[in-house]
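Biologist: I work at the bench and seldom read models. Could you take me through this one, feature by feature?

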Amino acid sequence: MIPGRQRKPRRHDEKHLRFIRQLPCLLTGRSPVEACHIRYADLEKGKQHTGKGERPDDEYVVPLHPDLHREQHSMNERSFWQKQGVDPVKVAKLLYAVSGNFEEAAKVLRLARL
């Protein structure tokens, strides 16, 4: 492997990232948000593990308030999401499927918070 390069180049989607950054926080409904990449694997949903120094594909992002984004990175990621009672991989995939449609994204986020 060439130093500084990912094993598998990530799929980058700046348009989707801009869309995510305009949504309310997945957990609180607050703004502002950051695009939070989900790193852990969920093979049932097709999400491969992201190696150290690698970034996940941009389809695996959810909108998180900056404070929660920092908290998510400060601990075991899977434990963070289990504590929240939310499946971020499922939500990220649904948001990617409706990318650009704010009305449908609002439904996805509302249902995820229930």
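Modeller: Start in the loop between helix 1 and strand 1, where P32 lies. A cis peptide bond joins S31 and P32, with omega at about 0°. Keep in mind that this is a predicted model.

Biologist: What is the mean pLDDT of the protein chain, then?

Modeller: The general idea: check confidence before reading details. Here the chain has a mean pLDDT of 86, and 80% of its residues reach 70 or more. Residues 1-6 are another matter, with pLDDT below 50. Beyond near neighbours in sequence, that stretch has five contacts in the model.

Biologist: Now helices. Which residues of helix 2 are buried?

Modeller: An α-helix has 3.6 residues a turn, so residues three or four places apart point the same way. Now the case here. P66, L68, H69 and Q72 are the buried residues of helix 2. Viewed down the helix axis, they fall within an arc of 160°, so they line one face of the helix. On the other side, D67 and S74 are exposed.

Biologist: What do the buried residues of helix 2 pack against?

Modeller: Three elements: strand 1, strand 2 and helix 3 (77-84). Take Q72 as an example. Q72 sits in helix 2, which spans residues 66-74. Its relative accessible area is 2%, under the 20% cut-off, so Q72 counts as buried. Leaving aside neighbours within four places in sequence, Q72 contacts C36, H37, L64, E77, F80 and W81.

Biologist: F80 and W81 are both aromatic. How do I read the pair that F80 and W81 form?

Modeller: Look at two values: the distance between ring centres and the angle between planes. First the count, which comes to two aromatic pairs. One of them is F19 with F102: centres 4.9 Å apart, planes at 55°, so the pair is tilted. That pair links distant parts of the chain, with F19 in helix 1 (residues 14-21) and F102 in helix 5 (residues 102-113), 83 residues apart. F19 is buried at 4% relative accessibility. F102, at 40%, is partly exposed. Now your pair. F80 and W81 are edge-to-face, with 5.0 Å from centre to centre and 90° between the planes. F80 and W81 are both buried.

Biologist: On to charges. How many salt bridges does the structure hold?

Modeller: Five. For each bridge, ask three things: the distance, the places in the chain, and the burial of each partner. Begin with E14 and R21, whose side chains meet at 3.3 Å, N to O. E14 has a relative accessible area of 32%, which makes it partly exposed. R21 is partly exposed too, at 41%.

Biologist: Where in the chain are E34 and R70?

Modeller: E34 is in strand 1 (residues 34-37) and R70 is in helix 2, so the salt bridge links parts 36 residues apart. The closest N and O atoms of E34 and R70 are 2.7 Å apart. E34 is partly exposed at 21% relative accessibility. R70 is also partly exposed, at 47%.

Biologist: And E59 with K93: what is the N to O distance?

Modeller: The side chains of E59 and K93 meet in a salt bridge at 3.4 Å, N to O. E59 lies in the loop between strand 1 and strand 2 (61-64), and K93 in helix 4 (residues 88-97), so the pair ties together parts 34 residues apart in sequence. Is each partner buried or partly exposed? E59 is buried, with a relative accessible area of 12%. K93 is partly exposed, at 31%.

Biologist: Last, the nonpolar core. Which residues touch the most other members of the largest one?

Modeller: Look for the residues with many partners, then see which elements supply them. The largest nonpolar core has 29 residues, and L26, L27, V62, L64, W81, V91 and L95 touch the most other members. Helix 1, strand 1, strand 2, helix 3, helix 4 and helix 5 each give two or more residues to this core.

Biologist: Pick one. What does L95 touch?

Modeller: Leave out residues up to four places away in sequence. L95 then touches H16, F19, I20, L23, V61, P63, A105, V108 and L109. You have met F19 already, in the tilted pair with F102.

Key:
Residues are numbered from 1 along each chain as its sequence is written. Side-chain values use heavy atoms; hydrogens and water are left out. Helices (H or I, at least four residues) and strands (E, at least two) are DSSP runs, numbered from the N terminus. Buried means under 20% relative accessible area, exposed over 50%, partly exposed in between (1.4 Å probe, protein chains only). Contact means heavy atoms within 4.5 Å. Rings of Phe, Tyr and Trp (its six-membered ring) pair if their centres lie within 6.5 Å; planes under 30 degrees apart count as stacked, over 60 as edge-to-face and the rest as tilted. A salt bridge is a side-chain nitrogen of Lys or Arg within 4 Å of a carboxyl oxygen of Asp or Glu. The arc is that of the directions from the helix axis to the C-beta atoms. A nonpolar core is a set of buried Ala, Val, Leu, Ile, Met, Phe, Trp, Tyr and Cys residues joined through side-chain atoms within 4.5 Å. pLDDT is the predictor's confidence in each residue, from 0 to 100.
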